[in-house]
Structures are given as C-alpha cells and as structure tokens.
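Student: I'm new to this one, so could you take me on a close look at a single part? I'd like to hear about the surroundings of the ligand.

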Amino acid sequence: MNRILCPLLAIFTFLIASNLMAAPSDNFDAAQKYQNTCYACHGTGAAHAPEVGDIIEWEIRLEKGLDTLVQNTIKGLNGMMPPRGLCTDCSDEDLKAVVEYMLESSQ
Ligand code: HEC
C-alpha cells in the first residue's frame, strides 16, 4: 500500500510546488503594476503604444498568441516597447499577469 502511495504523494507535492513557482510573486497586483509602470505608454498611446481599452488593436495583437505577446514584453519590441516594459522588479510570470490584465481590460 505504502509503496504505491509514496511515489504518488511525491508526484503531487512536486506538481503543487512547481505550480506555486510559476505563480506571480507574492502580493503581486497586476493592476497596480500596470498603473505604475505600463500606463505611462499604454494608457496614453505615448510612443504609439497600443492603448489599453482599444479592443481592435489588442484583438489583432492577440492573434500572435498570448505567449508571443509575453515574450515580446520580456524582450521588448521594435525598439519602441522597452524590455520588461521598464519593470525592473517584475518576474516573467508577473509580466504575464500584467499582459493578461491589459488584455482583460481591452475586451
Ligand atoms: C516607453 C513606453 C512603454 C512602456 C513603459 C511599456 N510599453 Fe508596452 N509597448 C510600447 C510600444 C510603443 C509598443 C508597440 C511596439 C510595436 O508594435 O512596434 C508596445 C507593445 C506592447 C505589447 C504588444 C506586444 C506585441 O507583440 O504586439 C505588450 C503585450 C506590451 N507592450 C506590454 C507592456 C507591459 C506589460 C508594460 C509594463 C510592464 C509595458 N508594455 C510598458 C511602449 C511601452
């Protein structure tokens, strides 16, 4: 009995742990981070940034897939979108949460 249960428990523990690691940082507030960091461009259209709330603009960009949008956020895009959107303390997962927030706010 235990010989079956132990490996199963180990797998579950691993799955839960890896899931937690992929989650945004503790107390990370995507809306707050967006306001503080991304809003300067994406709330105003400065530097021709796609504005949050512009449904068509984000619909077209989302056709590339969420992963591509997140990768372009991390790496920057066309010398206009700065790498990591100038957020120095954001993890990759944090940035993904902010991009999701921006998309949700543009539906
Ligand atoms: C200095 C201005 C500026 C800041 C700050 C900024 N962006 Fe951008 N962002 C841009 C511009 C300009 C583009 C359009 C680039 C293009 O399509 O050539 C863009 C594009 C994007 C895209 C679309 C990428 C794609 O593949 O189409 C995403 C997603 C994005 N930004 C997320 C963010 C996030 C998240 C933040 C904050 C953490 C942020 N940006 C901060 C200027 C900015």
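Tutor: Sure, and one bit of vocabulary comes first: helices (H or I, at least four residues) and strands (E, at least two) are DSSP runs, counted off from the N terminus. On that basis the chain has five helices and zero strands, so reading along the sequence gives the pattern α-α-α-α-α, with the runs defined as above. What you're looking at is a predicted model, in which local features need pLDDT of at least 70 and side-chain atom pairs count only at pLDDT 80 or more, while totals for chains, interfaces and linings use all residues. Residue numbers start from 1 along each chain, following its sequence as written.

Now to the ligand. It is surrounded by 27 residues, and the closest are Cys 38, Cys 41, Asn 78, Met 81 and Gly 85. A residue makes that list if its C-beta atom, placed from the backbone, lies within 6 Å of the molecule. Three elements give two or more residues to this shell: α2 (30-42), α4 (66-75) and α5 (92-104). Of these, α2 gives the most, with five residues. By character, the shell splits into 17 nonpolar, eight polar and two charged residues. Here Ala, Val, Leu, Ile, Met, Phe, Trp, Tyr, Cys and Pro count as nonpolar, Asp, Glu, Lys and Arg as charged, and the others, Gly among them, as polar.

Let's follow Met 81, one of the closest residues. Met 81 sits in the loop between α4 and α5, and it counts as buried because 20 other C-beta atoms lie within 10 Å. The cut-offs go like this: 20 or more other C-beta atoms within 10 Å of a residue's own is buried, 12 or fewer is exposed, and anything in between is partly exposed, with C-beta atoms placed from the backbone. Across the 107 residues of the chain, 18% are buried. Met 81 also touches Asn 72 and Gly 76, leaving out residues up to four places away in sequence; a contact here is two C-beta atoms, placed from the backbone, within 7 Å. And Met 81 and Cys 38, 43 residues apart in sequence, have C-alpha atoms 10.0 Å apart.

The loop that holds Met 81 has a couple of oddities in its backbone. Most residues other than glycine have a negative phi. Arg 84, though not a glycine, has a positive phi of about 60°, and Leu 86, also not a glycine, has one of about 70°. Arg 84 and Leu 86 are both found in the loop between α4 and α5. Arg 84 is partly exposed because it has 18 C-beta neighbours inside 10 Å, and Leu 86 is partly exposed too, with 13.

Next door in the sequence is α4, where you'll find Thr 73. Thr 73 is buried, with 23 other C-beta atoms within 10 Å. Setting aside residues up to four places away in sequence, Thr 73 touches Gly 85, Leu 95 and Val 99. Gly 85 you've already met among the closest residues to the ligand. Thr 73 and Pro 83 are 10 residues apart along the chain, and their C-alpha atoms are separated by 6.2 Å.

Finally, how do α2 and α5 meet? They pack at an angle of about 70°, with axes 10 Å apart. Axes are lines fitted to C-alpha atoms, for helices over the stretch in contact, and angles run from 0 to 180 degrees between N-to-C directions. The two helices are therefore roughly perpendicular, a label for angles of 65 to 115 degrees, whereas under 35 is roughly parallel, over 145 roughly antiparallel and the rest oblique. Ala 30, Ala 31, Lys 33, Tyr 34, Cys 38 and His 42 of α2 make this contact with Asp 94, Ala 97, Val 98, Tyr 101 and Met 102 of α5. Those residues divide into eight nonpolar, one polar and two charged.

Cys 38 and Cys 41 also belong to the largest nonpolar core, which has 12 residues, including Ala 30, Tyr 34, Leu 95 and Val 98. Such a core is a set of buried Ala, Val, Leu, Ile, Met, Phe, Trp, Tyr and Cys residues joined through C-beta atoms within 7 Å. Both α2 and α5 supply at least two of its residues, and α5 gives the most, with five.
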